[in-house]
Structures are given as C-alpha cells and as structure tokens.
Amino acid sequence: TLRAVVTGVGHYLPDRVVPNSEFEKTLDTNDEWIRARSGIERRHFAAEGETTASMASAASRAALAMAGVEPQDVDAIIVATSTADLTFPSAATMVQAELGMTRGFAFDVQAVCAGFVFALSNANALILSGQAKRVLVIGAETFSRIMDWTDRSTCVLFGDGAGAVLLEVQDGTGTSADRGILSTDLNSDGRHKDLLYVDGGVSTGTTGYLRMQGNQVFRHAVEKLASTATTALERAGVTAADVDWVVPHQANIRIIQGTAKKLGVSMDRVVVTVQDHGNTSAASIPLALSVGHARGQIKQGDLVVTEAIGGGLAWGAVVLRW
Ligand code: ACO
C-alpha cells in the first residue's frame, strides 16, 4: 500500500507583530473583547513587497531543508490560497520559479480556510495514483490585503503567514499503524456563500473586502468540523481515543474548544496557535503543524487529525500518522 508521508514541515511569519491594543487607536474595540471572543492576542502582517508567493517560498525552503530534499526532486507543488499575488499565473508556479525548480507541475487550490485540507487530500491522491512521488503542499495567505480596516467585526481576526509540508511516497502495510495520510474527507455547500465572502472579483470587474456574518459561520462550524473529523477517523479505522493531536484550523478558540469537546478530545491534545497568529485562513493548519512540531508536541508516529471550515462553505478533515 502506498502512503503519502510528511517528511518535512516549515513555516514563515512576517516580522511585524500587531497586538490587539493597536486596533484600539482606530476602532471602537479593545484587547479584552478580542481575547474573550476569539482567543487572539496578536497577529503578523506582511510588509510592503512581501507576498503570498514569497512567504510560501520561505516556508517551502524550511520544509525541504528538514526533509533533506532538493527542489529538483519535487514532482508537484500545490499552494492553498485565496490571496495569490496575481489573478494568474498561480502562486504555485511563482514558488516553483523561486525555488529554482524547472520540472514537475504546480497549481493553486482555492477553498478558503479549508484550502490546506483540500490541497493535502489532492496531493495524497496524486501520490496514491502514482503521478507524483514528492509533493510540496503549502498554505499561504496575505489576508491583511483584503481587510476592511473600518469593520471591527472582521479586521481584528485575521493575520498573514505561510506553512508547508513535504509529502513523500512510502510503502505501508495498509493498516492504521502506517505513517502517512490514512484518510481524507472533503465537503462544501455553496448555498452558504453569503456567510463569508469577498465582495469583489475579476469577472465582476470589481475589487473588494472580506465580509463575514461571524455568528452564522460559528453556528455551522463546531457541528460540521466534528462531523467531518469523525468521518475521517472512521475511514482511517481509528477512534478519537487514538488521536494524539488535533490540529484544527485556527479561527477562534471557542470553535476549537467546542469541536474538541464534541469529539471527546481534551484540550491538552489540541495544538493551539490562534493567540499568536490570528486566523491565517489556508495557512493556519500548516503553520500549526510546523509550530506544534517545533514545540515538541507532534512527534514521529503520532496520530494527527486536521480539520477546517471556511468560505463556501467548504470544510474537511485529514487523518495522518506523523
Ligand atoms: N470589538 C468590540 N465589539 C465587537 C467587535 C470588536 N472587534 N466586533 C464585533 N463586536 C460587537 C458586535 O457589533 C456585536 O454588538 P451588538 O450585540 O451590539 O450588535 C457584539 O460584539 C457581538 O457580536 P457577535 O458577532 O454576535 O459576536 P460573537 O460572539 O459571535 O463573536 C466572532 C464574533 C469572533 C467573529 C465569532 O462569531 C467568530 O469567530 N465567528 C467565526 C469566524 C470564523 O471562524 N470564520 C470562518 C473561518 S475564516 C475563512 O474561511 C476566511
């Protein structure tokens, strides 16, 4: 049985750290409200000239270095993003050029905050079908560029950054003891498009900002996240009791806690970075994987479940053994 195994992980965060208190100068908000409602304490914002592709490249270099793999030996690059540098070409081809990789193929996946889970699932399929042996899977975002800085209900919640994993094919036994991706589950429901969107885009000849009915998204989040994680765990032939680490999309600490509770996993088995990064959309899970690994939380052999929900709505989960 072929398995797609994580052999490298890395991340990049812009230098500029913005604490909640900075928003008190321009908005009717305060540090206590933001902490209590979201769990966010600070976030990173990209500098001028810093882009999704440049951050994605930096995260990729770290993941490749950990794996000891040269860019020329990578078969495919998938970037999950809703904030690519340009309408086209893809951010993934920009990363390809930046890394000096002249073979293989590269493309973007757009499923907003669920993007990394969708990208991971696609990368797994490419590896299991024999089309690729090594795939770089990246989540990278500059959401600071689509914020309405006059809207206190959204602009305090998001941040910029990038995370990357290298997946490499290995032979497994076909049991849940194998390292690598054990199962995936993807979902979307376009009826909910008005809950979370950017009110502008290319084919409408407009540019826009992020709009969100936060409490409506919240209402869907815990139930759908627990449901997709449970489906993926069942497909992998494991239970929540077997899980070493839940690595959730980092949007809101109350969603993270609610989902863990519903799954029956205690918070000491959940990787939490939302306090330091805010919501970095598709970048949040690979950032949390990289930080969780660097903290010594996620170790080889650990059973990890990642889950995410975002605009679309789109949501999903991936179960893997690290
Ligand atoms: N400071 C102070 N008050 C605020 C702020 C702020 N920054 N923002 C909103 N408020 C006010 C509101 O105006 C409202 O006031 P009102 O009662 O007088 O109308 C009050 O706070 C409560 O607002 P709610 O929206 O009901 O607050 P809630 O407890 O739901 O928390 C939050 C808001 C944090 C946005 C929450 O709903 C949430 O996190 N939702 C999910 C976000 C999310 O996960 N998004 C999806 C993923 S992202 C992606 O895919 C791109």
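These legends walk through a set of views of one predicted protein chain.

Because the model is predicted, local features need pLDDT of at least 70 and side-chain atom pairs count only at pLDDT 80 or more, while totals for chains, interfaces and linings use all residues. Residues are numbered from 1 along each chain as its sequence is written.

**View 1. The whole chain, with its nine helices and 13 strands.**
Helices (H or I, at least four residues) and strands (E, at least two) are DSSP runs, numbered from the N terminus. The radius of gyration is 18 Å, close to the 20 Å from the globule rule for 322 residues, so the chain is as compact as a globular protein of that length. That radius is taken over C-alpha atoms, and the rule is 2.2 Å times the number of residues to the power 0.38. Along the principal axes, the C-alpha atoms fill a box of roughly 55 × 45 × 40 Å. Buried residues make up 54% of the 322; buried means 20 or more other C-beta atoms within 10 Å of the residue's own, exposed means 12 or fewer, partly exposed is in between, and C-beta atoms are placed from the backbone. Of the contacts with a separation of 6 or more, 77% link residues 24 or more positions apart. A contact here means that two C-beta atoms, placed from the backbone, lie within 7 Å.

**View 2. Domain 1 (2-171) up against domain 2 (180-321).**
The bounds come from an automatic or database domain assignment. Taken over C-alpha atoms, the two centres are 14 Å apart. Across the boundary, 49 residues of domain 1 are in contact with 43 residues of domain 2. Elements that each supply at least two residues to the domain 1 side include strand E1 (2-12), helix H4 (115-128), strand E6 (134-142) and strand E7 (160-171). That side divides into 24 nonpolar, 18 polar and seven charged residues. For this tally, Ala, Val, Leu, Ile, Met, Phe, Trp, Tyr, Cys and Pro are nonpolar, Asp, Glu, Lys and Arg are charged, and the others, Gly among them, are polar.

**View 3. Inside the largest nonpolar core, a set of 109 residues.**
A nonpolar core is a set of buried Ala, Val, Leu, Ile, Met, Phe, Trp, Tyr and Cys residues joined through C-beta atoms within 7 Å. The members touching the most others are Ala56, Ile78, Val95, Val137 and Ile138. Helix H6 (residues 214-236) gives the most to the core, with nine residues. Both domain 1 (2-171) and domain 2 (180-321) put in at least three residues each. Zoom in on Val137 and you'll find Ile78, Ala119, Leu120, Ala123, Ala164, Val165 and Leu167 touching it, not counting residues up to four places away in sequence.

**View 4. Cys113, His249 and Asn279, covered by the UniProt annotation "active site" in an unreviewed entry.**
UniProt positions are given in the numbering used here, feature names are shortened, and annotations may be inferred rather than shown by experiment. The three span 167 residues in sequence, yet no two of their C-alpha atoms are more than 8.7 Å apart, so they gather at one spot. His249 sits in the loop between strand E11 (245-248) and helix H7 (253-263), and is buried, with 33 other C-beta atoms within 10 Å. Leaving aside neighbours within four places in sequence, the contacts of His249 are Cys113, Ser284, Ile285, Glu307, Ala308 and Ile309. Asn279 is in the loop between helix H8 (274-277) and helix H9 (284-294); with 23 C-beta neighbours inside 10 Å, Asn279 is buried too. With neighbours within four places again set aside, Asn279 contacts Leu157, Phe158, Gly159, Gln250, Ala251 and Ser284.

**View 5. Two residues other than glycine with positive phi, Val112 and Ser281.**
Phi of Val112 is near 45 degrees. Val112 lies in the loop between strand E5 (105-109) and H4, buried with 27 C-beta neighbours inside 10 Å. For Ser281, phi is near 50 degrees. Ser281 belongs to the loop between H8 and H9, and is buried, with 34 other C-beta atoms within 10 Å.

**View 6. Cis peptide bonds at Phe88-Pro89 and Gly312-Leu313.**
Omega is about 0 degrees for the bond joining Phe88 and Pro89. Pro89 is placed in the loop between strand E4 (76-80) and helix H3 (91-99). From Gly312 to Leu313, omega is near -10 degrees. Leu313 falls in the loop between strand E12 (303-310) and strand E13 (314-321).
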